Amino acid sequence: MTDATSANTAKPLSTQVDISAVLDFLHCETPDSWVQSALSNQAIMLVDHANCEKKAASTALNLLYRYIDRPELLDKLSRLAREELRHFEQVLEIMRKRDVEYTHVSPSRYAAGMRTDCATHEPAKLVDTLIVGAYIEARSCERFAKIAPLLDAELSKFYLSLLRSEARHFEDYLQLAQSYAEQDIANRIQFFGEIEARLVQQPDTEFRFHSGPPTID
């Protein structure tokens, strides 16, 4: 494992991609204790990151199949699905270089916790699903940005390279939610933002890419 001093070889984050909209959208930062746990569990981070990319592509594809009468959704999410699968391939390539076996790991409670309170009737169900998608993409972007400067050169470069697409995915989901809503969605955005912040701040016994800070014994 490369120590944090290697981060100094990376360019300052501000020179890479502007993610200020992402940071403004989220209700809290990733706890520093999660970052330290990630540095100590890089193999698991890569495995779960690969899983997250697959799940993101799957979510987009499910929406493509379900809402075939929404042209803008079809356009944006077909591109998103392609990019997520490409990221999945890139993570696999890094894992192979590092002899990290792609094994099964249980999912974190994060995604399921975000979707628990989604509406069950349309179009509110679609709108809530898109808002949740925006938060998941925004948190991924924030975590890539937070951890990238602390990783070795290869991983740092890779995670910084994901910021632009992840920030765009967040914006795409949010714009789609706003366009399909029958009323103002500010309250729903606030509602899911509070849930997301709780999930990020509540301790977890197992490290995952979207887990909370580690439980202290």
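Colleague: How many salt bridges does the structure hold?
Modeller: Bear in mind that this is a predicted model: local features need pLDDT of at least 70, side-chain atom pairs count only at pLDDT 80 or more, and totals for chains, interfaces and linings use all residues. Residues are numbered from 1 along each chain as its sequence is written, and side-chain values use heavy atoms, with hydrogens and water left out. A salt bridge means a side-chain nitrogen of Lys or Arg within 4 Å of a carboxyl oxygen of Asp or Glu. On that basis, the number of salt bridges in the structure is 15.

Colleague: Which side chain meets Glu89 in a salt bridge?
Modeller: The N to O distance in this pair is 3.2 Å. The partners sit three residues apart in helix H4 (residues 71-97), which puts about one helical turn between them; helices are DSSP runs of H or I with at least four residues, numbered from the N terminus. Glu89 is partly exposed at 42% relative accessibility, where buried is under 20% relative accessible area, exposed is over 50% and partly exposed is in between (1.4 Å probe, protein chains only). The partner, itself partly exposed at 44%, is Arg86.

Colleague: Which residue forms a salt bridge with Arg109?
Modeller: The closest N and O atoms of this pair are 2.7 Å apart. Arg109 is in the loop between H4 and helix H5 (110-115), and its partner is in the segment after helix H8 (186-201), so the bridge ties together parts 95 residues apart in sequence. Arg109 is partly exposed at 26%, while the partner is buried at 13%. That partner is Asp204.

Colleague: And what about Arg139, which side chain meets that one in a salt bridge?
Modeller: Here too there's an N to O distance, 2.7 Å. The pair links distant parts of the chain, with Arg139 in helix H6 (residues 124-147) and its partner in helix H8, 57 residues apart. Both of them are buried. The partner is Glu196.

Colleague: How far does H4 reach from its first C-alpha to its last?
Modeller: H4 has 27 residues. Its expected span, 1.5 Å times one less than the number of residues, is 39 Å. The model comes close to that, with a reach of 40 Å.

Colleague: How many disulfides does a search of the whole structure find?
Modeller: A disulfide needs two cysteine sulfur atoms within 2.5 Å. Cys28, buried at 14%, has its sulfur 15 Å from the closest cysteine sulfur, in Cys141, too far for a bond. For Cys52, the nearest cysteine sulfur is also that of Cys141, 14 Å away. The number of disulfides found is zero.

Colleague: How many residues are in the largest nonpolar core?
Modeller: Such a core is a set of buried Ala, Val, Leu, Ile, Met, Phe, Trp, Tyr and Cys residues joined through side-chain atoms within 4.5 Å. Leu73, Leu77 and Tyr159 have the most contacts inside this one. Among the elements giving it two or more residues are H3, H4 and H7. Its residue count is 70.
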